[in-house]
Amino acid sequence: MAKNTLSFVCQNCGAAYNRWQGKCESCGEWNTLAEEDTTGSVPVSIRSKRKGRTFALESLSGKTQDAPRLSSGMTELDRVTGGGFVRGSVLLVGGDPGIGKSTLLTQATSLMARAGHRIVYISGEEAIAQVRLRAERLGLSDAPVQLAAETSVEDIVSTLSEGAVPRLIVIDSIQTMWTDTVESAPGTVTQVRASAQALIRFAKKTGAAIILVGHVTKDGQIAGPRVVEHMVDAVLSFEGEGSQQFRILRAVKNRFGPTDEIGVFEMTGLGLREVTNPSELFLSERDLGTPGTAVFAGIEGTRPLLVELQALVAPTSLGTPRRAVVGWDPSRLSMVLAVLEAHCGVKLSGHDVYLNVAGGLRIHEPAADLAAAAALVSSLVNAQLPTDAVYFGEISLSGVVRPVAQTPARLKEAAKLGFQHAVLPESARGEVGGDAGLSLNAINSLTTLVAEIAARGSRRGESSAPAEKNATPPRFRRGEG
Ligand code: TYD
Ligand code: MG
C-alpha cells in the first residue's frame with residue numbers, strides 16, 4: 001500500500017521538512033512552509049515493481065537532427081531567445097501580473113500560426129472568451145492558433161499527442177496546472193514541479209517547444225517554480241515599471257543563446273510594439289537644460305543603448321541622509337559617493353541623494369559609474385552638463401577611471417544620435433580607430449571630471465552661458481521603425 005507522507009515544503013525553494021517551522025533553513029525565507037503530500041510523482045506501487053528497461057548508448061559525434069529554430073516573427077523576441085525557439089526546448093517566461101506576458105505570447109503565437117505552423121495556446125487562467133477578446137483587440141482573431149482553457153496536465157498531454165506534433169505550445173500559466181500523480185493542491189511547489197516535469201518530458205519526447213508562463217512574487221522571484229528554473233532550458237523575464245509604457249524582455253538563463261540580450265517593447269492600445277532603436281525611445285523625453293542629468297552610453301548584450309541618468313542632490317534635514325536609487329545598484333551608488341568624498345573633496349554627507357534611470361530601464365553595467373558621478377556633481381553644484389555629451393567608464397575605489405568593453409560601439413551609437421562629445425576613460429582612447437565622429441574628452445581620474453563640472457558651475461550666469469544654451473541639442477525624434 002502506498003503510504004501517504006505528509007511533510008512541510010518551502011514554497012520558495014522546495015526544501016522539505018517533517019515538521020513545521022517558521023523559517024526555511026535552506027533559503028532563509030520566513031513563513032514559506034506549507035503542508036503538502038509529497039508522495040512521489042510516480043505512485044509507489046509502480047515504483048517498486050517496475051523493472052528498468054535497457055536503452056542504447058550513443059556516441060558524441062553521431063548524426064543528430066540539427067536544432068532548427070522557429071522564428072517567432074518578432075525580431076525583439078528572437079533576439080532574446082537567441083534566434084528563435086529550439087525544437088524540444090522549454091522556456092519559462094516570468095513577470096509581474098499585468099506586465100503583458102499573455103499579450104506578448106498571443107502576438108507571437110498568432111504570427112507563427114499565420115506562418116503555417118501548428119501552434120497551441122493553453123490558458124489556465126482566462127476563459128476562452130477572454131483570450132478571444134484580447135486577440136480581437138490585437139487584430140489577430142483570424143490567426144489559426146489552437147486554443148483551449150485547460151488545467152489538467154494529463155488531459156493536455158494526451159490531447160496534444162494526437163495528430164501532428166505542435167511546433168509550439170504555450171502554457172499560461174504553470175501555477176494553474178495540476179497533475180494526478182501528486183496530491184497537493186494546484187499552485188504548490190510539488191504540483192508546479194510535477195506538472196512542469198510532465199510537460200518537459202513531453203517536449204523532449206516529441207520535439208515540440210513549450211513556453212511556460214510563471215508568476216513573479218513581489219520581490220521578483222518566479223513564485224513557487226524557482227525549482228522549475230533549473231529544469232527548463234531558458235528563463236526569460238519580462239520587466240517594466242507599471243506606469244511606463246516600456247517593457248523589457250531579458251534572458252536570465254539560456255542554454256541555446258546569450259544571456260545578456262534584451263528585447264525592448266512599448267505597450268500601446270493595440271498591443272506590444274517592437275522598439276528597434278531603444279536609444280531614441282529612452283532619450284525621447286529628455287529634460288534638456290536641467291542640472292543633474294547625464295547621458296550614459298551603455299551596452300545591453302550586443303546592442304548599444306543610450307539612456308539618461310537623473311540625479312538630485314539636496315541638503316538634508318535628517319540625521320542620516322537619504323540615498324534612493326531606481327534602476328541601478330544601490331551599493332554602486334554608495335561606492336561612487338564614497339570615492340567622490342574621499343578623492344575629489346565632494347562632501348555629500350549633509351545631502352540627500354536620489355538617482356534615477358529614465359524610462360524604467362535597469363542598468364547592470366559598472367560602466368555607468370562615470371555618468372552617475374557626472375549627474376551627481378552636476379546637481380550638487382547646480383551646473384548643467386553639455387546636452388550633446390555622453391559619459392561612460394568604470395570608477396575604481398582609488399578614483400581612477402577604468403576602461404570598459406565595446407568603446408567603439410558606444411561611440412558609434414552616440415554619433416548616430418547626433419551627440420558631439422564623449423567623456424570616456426583615457427585608456428580606452430587606443431581602441432578608437434581613426435575618426436570617432438565625436439570629440440573625445442579622455443580622462444584618467446574622477447578628479448578631472450569633478451573639476452571640469454565645478455568650473456562650469458562657477459562660470460554660470462557669466463557671459464559664456466548663452467552660447468551653451470543656444471547649442472542645438474541632438475535630435476531625439478522617435479524612429480518609426
Ligand atoms: P496581460 O498580457 O494580460 O498581462 P499578464 O499576462 O502579464 O498578466 O496584459 C495586461 C495589461 O496590458 C493590461 O493592464 C492591459 C494592457 N494592455 C494594453 O495596454 N494594450 C493591449 O493591447 C492589451 C492586450 C493589453
Ligand atoms: Mg496573463
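Trainee: How many cavities of 30 Å³ or more does this model have?

Mentor: Keep in mind that the model is predicted. The count comes to four cavities at that cut-off.

Trainee: What makes the biggest one a cavity rather than a pocket?

Mentor: A 1.4 Å probe fits in a cavity but cannot get out, whereas a pocket is an open set. The largest cavity holds about 80 Å³. Its lining has 14 residues, with Arg286, Thr293, Leu385, Pro386 and Thr387 nearest the centre. Two elements, β15 (293-300) and β19 (389-391), each give two or more residues to that lining, and β15 has the largest share with three.

Trainee: What is the lining of the largest cavity like by class?

Mentor: Seven nonpolar residues, five polar and two charged.

Trainee: And which residues line the second largest cavity?

Mentor: Among them are Arg69, Phe85, Val86, Asp233 and Phe256. That cavity has about 60 Å³ of space, and its lining splits into five nonpolar, four polar and two charged residues.

Trainee: On to helices. Why is α5 called roughly parallel to α6?

Mentor: Set the value against the cut-off. Helix α5 (residues 153-160) and helix α6 (residues 189-206) pack at about 10°, with axes 10 Å apart. Angles under 35 degrees count as roughly parallel, so α5 is roughly parallel to α6.

Trainee: Which residues make the contact?

Mentor: From α5 come Val153, Val157 and Leu160, and from α6 come Ser195, Ala198, Leu199 and Phe202.

Trainee: How do the residues of that contact divide by class?

Mentor: Six are nonpolar, one is polar and none is charged. Ser is not on the nonpolar or charged lists, so Ser195 is the polar one.

Note on methods
Residues are numbered from 1 along each chain as its sequence is written. Chains are lettered from A and ligands numbered from 1 in the order in which they are written. This is a predicted model: local features need pLDDT of at least 70, side-chain atom pairs count only at pLDDT 80 or more; totals for chains, interfaces and linings use all residues. Side-chain values use heavy atoms; hydrogens and water are left out. On a 1 Å grid over the protein atoms alone, a cavity is a set of points where a 1.4 Å probe fits but cannot get out, and a pocket is an open set with protein on both sides within 12 Å along at least five of seven lines; lining residues have an atom within 4 Å of a point. Grid points are joined across faces, edges and corners, and a volume is the space filled by probe spheres set on the points. Helices (H or I, at least four residues) and strands (E, at least two) are DSSP runs, numbered from the N terminus. Axes are lines fitted to C-alpha atoms, for helices over the stretch in contact, and angles run from 0 to 180 degrees between N-to-C directions. Angles under 35 degrees count as roughly parallel, over 145 as roughly antiparallel, 65 to 115 as roughly perpendicular and the rest as oblique. Contact means heavy atoms within 4.5 Å.
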